[in-house]
Amino acid sequence: MIHYQLRCESSEDGPHSFDGWFKDSAAFEKLAKAGLVECPVCGGTKVTRALMTPAIARTPGVKGRPEAPPAPAVRPPAPAPAAAPSAPPRAAAGPLPAQVLALLQRIRAEVEKTCDYVGRDFAEEARKLHRQMQEGGTPERRGIYGEATDAEAEALREEGIAVARIPWVPPADA
């Protein structure tokens, strides 16, 4: 795998920088040429490799180079503080980075475009589709999305029904 700093020149707002991992340099070139490398900020496909700082290993003891500092002493981790049993899990503080928000907005748009919204009947609809597949019938080939409580989602997983939650951010055009 190879890590590249990338630059998108597609936007009128100026260039965007982001990074990506590829199998090798030929894989990047092939994907970029086909327009399959997209900017997570604007969705543009005019993506090129940006100038990167090389990682140069220092050899300790070589004349003119300082010795490598000694490794810090390893301490066992401190025990985690006990949380109050009724305290809900806390979300990370601060706003989402623009690249993450743009990616989640694109995911939302794709889900809304290709799947059926079933609202609060999500668990029931998911079970219905799963039963159709288990009974050997021809199941409706459709994606669904909707609302489920934590308990409903866990019950579906325990029944062997694959479900996933994604953060539902405001649409890009809102």
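Of the 174 residues of the protein, 21% count as buried, and the structure discussed here is a predicted model. Among the contacts in the protein with a separation of 6 or more, 53% are made by residues 24 or more positions apart. The protein holds four helices and five strands, and, read from the N terminus, these elements follow one another in the order β-β-α-β-α-β-α-β-α.

## Confidence

The mean pLDDT of the protein is 78, with 73% of its residues at 70 or more. Confidence within the elements is lowest in β2, where the mean is 83, and highest in helix α4, residues 150-158, where the mean is 92. Residues 80-91 stand apart from this picture, as their pLDDT stays under 50 and the model gives them zero contacts beyond four places in sequence.

## Nonpolar cores

The largest nonpolar core is made up of 10 residues, namely Tyr4, Leu6, Cys8, Phe18, Phe22, Phe28, Ala32, Val37, Cys39 and Val47. The elements that contribute two or more residues to this core are β1 (2-8), β2 (16-22) and α1 (25-33), and the largest share, three residues, comes from β1. Leu6 is one of the core residues, and, when its neighbours within four places in sequence are left aside, Leu6 is in contact with His16, Ser17, Phe18, Asp19, Gly20, Phe22, Phe28, Val37, Val47, Thr48, Arg49 and Ala50. Apart from the largest core lies another, of nine residues, which include Val118, Ala123, Ala126 and Ile161.

Ala123 lies in helix α3 and counts as buried because its relative accessible area is 4%, under the cut-off of 20%. Beyond its neighbours within four places in sequence, Ala123 is in contact with Glu152 and Leu156. Ala123 and Ile161 are 38 residues apart in sequence, and their C-alpha atoms are 9.7 Å apart in space.

## The largest pocket

The largest pocket has a volume of about 770 Å³. Its lining consists of 26 residues, of which Phe122, Ile144, Tyr145, Gly146 and Ala164 are the closest to the centre of the pocket. At least two lining residues are supplied by each of β4 (115-119), α3 (122-134) and β5 (143-146), and the largest share of the lining, five residues, comes from α3. Sorted by class, the lining has 18 nonpolar, three polar and five charged residues.

Glu125 also has its place in helix α3. Although its side chain is of the charged class, Glu125 counts as buried because its relative accessibility is 14%, under the cut-off of 20%. Not counting residues up to four places away in sequence, Glu125 touches Val118, Arg142 and Ile144. Of these partners, Val118 is among the residues of the nine-residue core, and Ile144 is among the residues closest to the centre of the largest pocket.

## The segment after α4

Val163 is found in the segment after α4. Val163 is buried because its relative accessible area is 18%, and the cut-off for burial is under 20%. Leaving aside neighbours within four places in sequence, Val163 is in contact with Phe122, Ala153, Leu156 and Arg157. Leu156 is also in contact with Ala123, and Phe122 is one of the residues closest to the centre of the largest pocket.

Ala162 belongs to the segment after α4 as well, yet Ala162 counts as exposed because its relative accessibility is 79%, over the cut-off of 50%. Asp173 is likewise found in the segment after α4, and Asp173 counts as exposed because its relative accessibility is 74%, again over 50%.

Several pairs of residues separated along the chain are set out below with their C-alpha distances.

| Pair | Separation in sequence | C-alpha distance |
|---|---|---|
| Ala162 and His130 | 32 residues | 9.4 Å |
| Ala123 and Ile161 | 38 residues | 9.7 Å |
| Val163 and Tyr145 | 18 residues | 9.5 Å |
| Asp173 and Gln105 | 68 residues | 9.2 Å |

Tyr145, which is paired here with Val163, is among the residues closest to the centre of the largest pocket. Ile161, the partner of Ala123, is among the members of the nine-residue core.

How values were computed:
Residues are numbered from 1 along each chain as its sequence is written. This is a predicted model: local features need pLDDT of at least 70, side-chain atom pairs count only at pLDDT 80 or more; totals for chains, interfaces and linings use all residues. Side-chain values use heavy atoms; hydrogens and water are left out. On a 1 Å grid over the protein atoms alone, a cavity is a set of points where a 1.4 Å probe fits but cannot get out, and a pocket is an open set with protein on both sides within 12 Å along at least five of seven lines; lining residues have an atom within 4 Å of a point. Grid points are joined across faces, edges and corners, and a volume is the space filled by probe spheres set on the points. A nonpolar core is a set of buried Ala, Val, Leu, Ile, Met, Phe, Trp, Tyr and Cys residues joined through side-chain atoms within 4.5 Å. Buried means under 20% relative accessible area, exposed over 50%, partly exposed in between (1.4 Å probe, protein chains only). Contact means heavy atoms within 4.5 Å. pLDDT is the predictor's confidence in each residue, from 0 to 100.
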